Amino acid sequence: MRYPLLVAACVAVATAVSAQAPAVLRVTVSLQDEAGRVIPVARHALLISDDPPTAAPRRVVTGPDGTLSVTLKPGAYVVESDRPAAFLGKAYQWTEFVTLAAGAEVALGLSAANASLSEVPVEPATGSAAPEASDTSFLLARWQESVVAVWAPTARATAFLIDQRGLLATSAHAVGRSSQVDVQLSDTLAVAAQVVARDPGGAAAILRVHPDVVAGRTPIPLDCAPASRPALGDGEEVTTLVSSVRRATDQTWGEVTLLTPRGIETDLRVPFGGEGGPVFNAKGVVAGLTWLRDDDAGMRARDVLVVRAGIVCDALAAASAALAETPPDAAPVPVDPGRAFPVSSDAAVSDTPPPTVSSSGFDVAFITPPMVVGAQQRADRTGGATGRSPEAEAVLGRLTDFGDWSGYFADVPAVLVVRVTPRLVEGFWKRLAREAARTQGAVLPPLKDFKANFASLRASCGETEIRPLHPFVLEHRTRGTDVVREGLYVFPPDALAPQCGRITLTLQPETGAAETMTLDPALVERLWADFTPLRTPVR
């Protein structure tokens, strides 16, 4: 009769194993602001020690949402703050005792109700502490609605609200030569903005939107009094808020690495679209905004410089005259869809080149997500090796090389792209020089140059003009300061639809008359078919 003994032994083993099963402790740390909003305490370090202590405490840190989860052996523990969390002039710290049973999940909430409070230490230099003094970990929760996205023709950037009258600060480098850009305030709202001022050195720019669209959003304080402008020291911690593409507002930390007369160098890293965001010092005071060098453009993450707050203030002073003028329209403009194309089906991949039509001055290619996916796969299969014909390389480049806009196309957005490239032609004097060389026995290839530089594109569905999501421009430097510009116009997937009947494109060069072309219905049908995965119900 060994079976009862075997069963008993198994039960005993199972009981012993169960008794040692680990437990999970889930901690949430949050506080409330003046308006009663719950603010997560991010980056708050906690020390977890067994009770009584038998080893050094374990250090854990909350994430951006103020939570953490840790697996522990069953037993009694002490959970305490490594250092206080400063928020709105008060210092909060916690000490809590918890007992964890085997296999259990225990939730521990840390809030003002169970915190030990003290005043934020007074600054020796000033004899007072700012009433709003808070750790920099609270900046994202406090100011995320005051940080917005900027869509300029040559760059995607970040801006931040500095005046309730609709003024925002950003990098002048990011907005380039534009006098008008789009500002995206949420996933569903974007409006037009005017570039109303730049500082004399061209580092900071001030944008203006209609005051109604920022009603209810709190400007980020920018102290422009010369005596109180914050100075950053070498090695000082800094943090910036960024509005990155297809992600929520985020925060990143770094430190000052070099102070120069031209600017402040840091080891901050910002994603594509993060240039122009506010930079805060270790006390949570705005010290400037982020700026990128020209030679860093197109990289997805890179070191940044800081444009000092005083320069931003100079640009703000220059913008005061614009407040007497009529503000931009508050009417919404098309919003970037913010979603990637579904690439899981065969219909999402195309190995055919993009259809191209030409005018006398431009080649126009129509690019859909399946074409981009197919080109990426072809490029990956060769590992970047050459060996393709020049014509094949040109097709692949048109579908995979988006220059400074590569970050936008990295995850294949669900959009239609109309790429307008200036055509190469041989001028009269170059042809004459080539013929003269030929008479001397030298056979030269055609000496071609670009016939016209791109300025703008206008699309019409029947008699109705179609507003692009983004009128992107690619700038290529050729010789010296010469710049060749391509159009990279981004449209919603249903913009060029067969239902339009007649679709026309009007191409405007920088000089000379515009050219208008009518699209072949068969081409429109082909483009429409490439977006079938978007219109197919998900089962």
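The model contains 12 aromatic pairs. Rings of Phe, Tyr and Trp (its six-membered ring) pair if their centres lie within 6.5 Å; planes under 30 degrees apart count as stacked, over 60 as edge-to-face, and the rest as tilted. One of the pairs is Trp-405 with Phe-472, which is stacked, at 3.6 Å centre to centre and 15° between the planes. This pair links distant parts of the chain, 67 residues apart. Trp-405 sits in the loop between helix H6 (390-400) and helix H7 (406-409), while Phe-472 belongs to strand E31. Both Trp-405 and Phe-472 are buried. Buried means under 20% relative accessible area, exposed over 50%, and partly exposed in between (1.4 Å probe, protein chains only).

This is a predicted model: local features need pLDDT of at least 70, side-chain atom pairs count only at pLDDT 80 or more, and totals for chains, interfaces and linings use all residues. Residues are numbered from 1 along each chain as its sequence is written, and side-chain values use heavy atoms, with hydrogens and water left out.

**Rings, charges and cores**

Ring pairs also build a cluster of Trp-151, Phe-272, Phe-402, Trp-405, Tyr-408, Phe-409 and Phe-472. Trp-151 has a charge over its ring as well: the charged end of Arg-156 sits 4.9 Å from the ring centre. Arg-43 lies over the face of Trp-253, at 3.8 Å from the ring centre. A charge sits over a ring if NZ of Lys or CZ of Arg is within 6 Å of the ring centre and within 35 degrees of the ring normal.

The largest nonpolar core has 51 residues. Phe-366, Trp-405, Tyr-408, Leu-457 and Leu-505 touch the most other members. Another core, of 27 residues, lies apart from it and includes Ile-162, Ala-197, Ile-220 and Cys-313. A nonpolar core is a set of buried Ala, Val, Leu, Ile, Met, Phe, Trp, Tyr and Cys residues joined through side-chain atoms within 4.5 Å.

Beyond its neighbours within four places in sequence, Tyr-408 has contacts (heavy atoms within 4.5 Å) that include Trp-151, Phe-272, Asp-336, His-470 and Phe-472.

**Two open sheets**

Helices (H or I, at least four residues) and strands (E, at least two) are DSSP runs, numbered from the N terminus. Two strands pair if DSSP finds at least two bridges between them. Both sheets below are antiparallel.

| Strand order | Edge strands | Average turn between neighbouring strands |
|---|---|---|
| E24-E25-E26-E32-E31 | E24 (356-358), E31 (470-477) | 20° |
| E4-E3-E6-E9 | E4 (58-61), E9 (95-100) | 30° |

Strands E24 and E31 each have a single partner strand, so one side of each is left without a neighbour in the sheet. Strand E26 (residues 416-422) is joined to strand E32 (residues 483-491) by 5 bridges. Arg-419 has Leu-488 in E32 as its bridge partner. In the 4-strand sheet, strand E6 (residues 75-81) pairs with E9 over 6 bridges. Gly-75 stands opposite Leu-100 in E9.

**Leu-139**

Leu-139 is placed in helix H2 (residues 139-143). Leu-139 is buried, with a relative accessible area of 6%. Its contacts beyond four places in sequence are Gln-144, Thr-239, Leu-241, Gln-251, Phe-280 and Gly-284. Leu-139 and Leu-241 are 102 residues apart in sequence, and their C-alpha atoms are 8.1 Å apart in space.

Technical notes: Axes fitted to C-alpha atoms, helices over the stretch in contact; angles between N-to-C directions.
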